[in-house]
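This report introduces a protein structure to a reader who meets it here for the first time. The sequence and the model are shown below, and the description follows.

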Amino acid sequence: MKAHSLSPIEPLEARIAPALTLVNALPDIVAGVGKTGALIDLSGVFGDASSFHTKVQFTTNFDTDTTTPGLQAGIIVFELFDDAAPLTVQNFLQYVNNTGKGDYDGTFFHRSVSGFVLQGGGFEATAPASHIPIGAEVHNEYDSSRSNLTGTIAMAKIGTGPNTASSEFFINLGDNSSNLDNQNGGFTVFGKVTAGMDVINAIAARPQKDFSGTVGAALGSVPVQPSYTGTGVPTAADFITITDAKVIAPTHTTADGVTFSVVSITDNATQFDSTLVTGNLIGADSLALNYAAGKSGTATVKIKASQAGAEDQFDSFQVTVKPNLATSIVSDGLAAVLVPGASGKVRVELTNNGAALLTGKADVSFYLSKVTDSDPTGTLFDSSDRPVGSISGKTVKLASGASTFLSGKLKGLPDASIDKTQNELFRLIAVTEVHNAADNVTVSELFADDNVAIDGNIHRFISTPNLVSEVVADKLPGSIIVPGDTGAITLKLSNNGYTQLTGTVDVTFYLSMLNSADPNGVFFDPGIDTKIGVLHNLDVNLGTGKSALVTGDISIPTELAATRGQSYRIIAEITSVPSGGGVLALNEFDASDNLSATAGTHALYNAFGNLLERKNAPLHYTDADGNQVTLTMKGSGFGEILVSSTGELDLALYNTTASSAVSGSVAVAVGGAAGTQPHTALHNIYSSGGTSQPIPIGTVLLGAFDVHGEIEFSGGIKSLTLGNLIDSKTSASHLIDIGAFAGKGNQALSVKFGSVTDYEFRSFMPVNSIAVQEWIDSNATIEQLAMVSLKSFSAAGNLEDSVYANIDFNQVAYSKVKLTSFTVGGALDHATVQIGGDVGKVALGSMNSSYFYAGVIATPNEAPNYIFAPHTLDSFVVKGATGIFKDSVVGAGNIGSVSIQNVDGSGGPGAYGVVAYAIKSYLREQGAASPFTGTNLTPDTYDVIGNYSVRVI
């Protein structure tokens, strides 16, 4: 506890009077904790009593005029009764004047009861609110001459005894004398409101809110500011706060011509000059008293006031300096529910809050105090209380303000000492005596009633069995969990009742969501909590005080979480089963403690890979068709399935590197057709994760995952395999966007898709191969496939979009990468393929209204529009089920061979066909004219069929 100096007693302002009159006798002083002396102001001893009193001003954050801009702070002023309640006033001023943590600045009015009291001085305006540190409790100074009337201020205390006031005070809003004057020794009135009662009444008229379940148990009727919305946990600004507490400087002065002198300071026991208390005048009107260290006793101080032409006046007061033992129970080590034979360790704190040395042998006796009609709180010590242990003969030597701790053991509680009823309630009481080591006489102290301490805990004895569950271990993978996770829960089942516990139970495990209604996630809510495991028909047979451990398997459901990172606790609910082993425990004492929760929380994500303490964690979930989906990641990073408000699924990849690999599989739903390969749907796929730096990735292998949204790998990717890509838009197409591969400019990409409809493809890194089932245009908008280079392209079906490899339409571009093969099993239909380098083999099933350029862009009847370079096309073949070449152009620098199955020359208008600088061999098998064969064709025009021709430039 923190020591505080004694606040000066400030008498009232002196007045010039016809005669010197004693109007404010100096009060007796009882020295408390940490006191080494006192400074007594003598200036107001003669004069009007009211000016003797200390004045304190509170400035609040309560706006008294909301129509005026800015805060019109409410001001409250108190006049304190220094003479009538000196200990209480000194205690109050310690909190007002203390400049460190623990003063009234920043505390809020935490209790308001209409027409009764407005209470403050306890809690800081923080979230959650915490109680300010408190010093020693003050001895009660109630006097019937100071009743709890409207506008008076008194100290609050607890129900354990009259001498328990510390920091909290209350202002009487009405006449409470009939109630508070007669309760718990009477509540000490130590001042009155002299200004600001209108502010107090306005604060008391504000709505009161119950925050006992969210902010603090004592906050059941808190007045709130108009800013509070009425829901949720309040902020500091929502409380009505004391922003500044201060003493108003006194204005009284010594009357003209008055001088003071110390007549004597005598020891009350010996009547000789005191060695305990000494004093001297400082200046004209201050008396400094000093207390000898380590001494006890009482001395009488007599002073004289003199004034020319007036009779001398005398006043005397007593100073008592003694030790004072205060006992408090730190911990009792007993369970909330007790059975015969229970035991535990107990720890008490002994504090000397007197002003003299406390020395001797301490005996501490412990009792169970029964809660009865005559003692409804179980806080009074009487002969019926049951002894349960003691600490004997401990030497203590405590200076003023010092503390020491003593530990002991509470004995087993015998059956005979307990009435075996259903609701026996007890509190633990500690009674301390300190004896003189020499003659065993109890040490004299200020207030012996402080030696009785009451434990705040309630203990219950019960005569029936009582099952209690406690989660001992939660073996889930970590603080982050994902759908499909499995683990185990170990549960401790105990009988803390009085008789044997037998029966059969079910143990059900749930994920309990943390939310505003259940911020700790410890209550079972069938509407939102999810069952994750169950133990059926568990036989229980436990004696009094006995326990057993049981373990159950748990699994997180495979339904995707709609909310990202929602926090949960795991709770276990025990219910009795009326068959198999009989109804549990006959009449169990308290079924509410059958529900228990884990200490830690788990955040649920639809994630896989490396998440905090988890390594290579898989994600198992059930898709909309009931298929079982699995996603995994090897290497760095993690992935996550994000669920939109419409139920669409995005795949996001984070913190990956060039060695990271994502793979996935889809198993057919239960009851689905055997032997089929099911697919599952995704919306968008991206790896940038919204970061400013592109993130590379190695492999994404998701062949059974169909996509109908955007695909983005801004940092590049080595290998990408997906299922069918079907654009969900009706007009503009979706984009497959591949960025440059970080760190390796020559790294090439391999792509494999199923059927692609209305997708554009853009790659800022070289492409090694593209393999698709087909690439279809269904919205009459030709989509581009653009990349810096391409080595191989194959489509089992049709290609209906434009392919550009290393083409810059504003300037000539050259590529060192050769397109080794370009294969379309179906038709190259309404497509344009432009290659800025050499081409190997081109094989098409048919070609309709399409263009294939390698170095030359031209039609057979015109000069080339562009000549990129003398690029070579090794072979060009159109041969398939129809093998028809119509309305199409093939242009290249040099062509090795051309083989066309069938030419339709009726197309048009405009010339089409084959154009090159050189053609080594040419073959047309069918068409309107006879087959045509030629080798090493010289510059000329050949094989003219309608608008079709072959031209060598």
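A residue is called buried when its relative accessible area is under 20%, and exposed when that area is over 50%. The model described here is predicted.

**Helix α1**

Helix α1 covers residues 86-97 and has twelve residues. From its first C-alpha to its last it reaches 16 Å, close to the 16 Å expected at 1.5 Å a residue. Eleven of the twelve residues of α1 fall under the cut-off for burial, so the helix is largely enclosed by the rest of the structure. The buried residues of α1 include P86, L87, F92, L93 and V96, and polar residues such as T88, Q90, N91 and Q94 are buried as well.

**A buried histidine**

H110 is found in the loop that lies between β5 (107-108) and β6 (111-113). Its relative accessibility is 2%, and H110 therefore counts as buried. The side chain of H110 makes a polar contact, at 3.2 Å, with the side chain of E168.

**Strands and sheets**

Both strands that flank the loop of H110 belong to an open sheet of ten strands, in which the order is β6-β7-β10-β9-β11-β4-β3-β14-β5-β8 and the pairing is antiparallel. At the edges stand β6 and β8 (123-124); each has a single partner strand, so one side of each is left without a neighbour in the sheet. Within this order, β3 is followed by β14.

Three strand pairs are set out below, each with one pair of facing residues.

| Strand pair | Sense | Bridges | Facing residues |
|---|---|---|---|
| β3 (55-63) and β14 (241-248) | antiparallel | six | T60 and I242 |
| β59 (790-795) and β61 (819-829) | parallel | four | A795 and V824 |
| β61 (819-829) and β63 (839-848) | parallel | eight | S821 and K841 |

Strand β61 thus has parallel pairing both with β59 and with β63.

**The largest pocket**

The largest pocket holds about 980 Å³ of space. It is lined by 34 residues, of which E137, I158, T160, N163 and T164 are the closest to its centre. By class, the lining comprises 14 nonpolar, 14 polar and six charged residues. Which strands each supply at least two residues of this lining? They are β20 (325-331), β22 (344-352) and β27 (452-454). Strand β20 gives the most to the lining, with four residues.

Definitions and conventions
Residues are numbered from 1 along each chain as its sequence is written. This is a predicted model: local features need pLDDT of at least 70, side-chain atom pairs count only at pLDDT 80 or more; totals for chains, interfaces and linings use all residues. Side-chain values use heavy atoms; hydrogens and water are left out. On a 1 Å grid over the protein atoms alone, a cavity is a set of points where a 1.4 Å probe fits but cannot get out, and a pocket is an open set with protein on both sides within 12 Å along at least five of seven lines; lining residues have an atom within 4 Å of a point. Grid points are joined across faces, edges and corners, and a volume is the space filled by probe spheres set on the points. The expected span of a helix is 1.5 Å times one less than its number of residues. Buried means under 20% relative accessible area, exposed over 50%, partly exposed in between (1.4 Å probe, protein chains only). Two strands pair if DSSP finds at least two bridges between them. A polar contact is a pair of N or O atoms within 3.5 Å; within protein, one must be able to donate a hydrogen and the other to accept it, and residues adjacent in sequence count only if both atoms are side-chain atoms.
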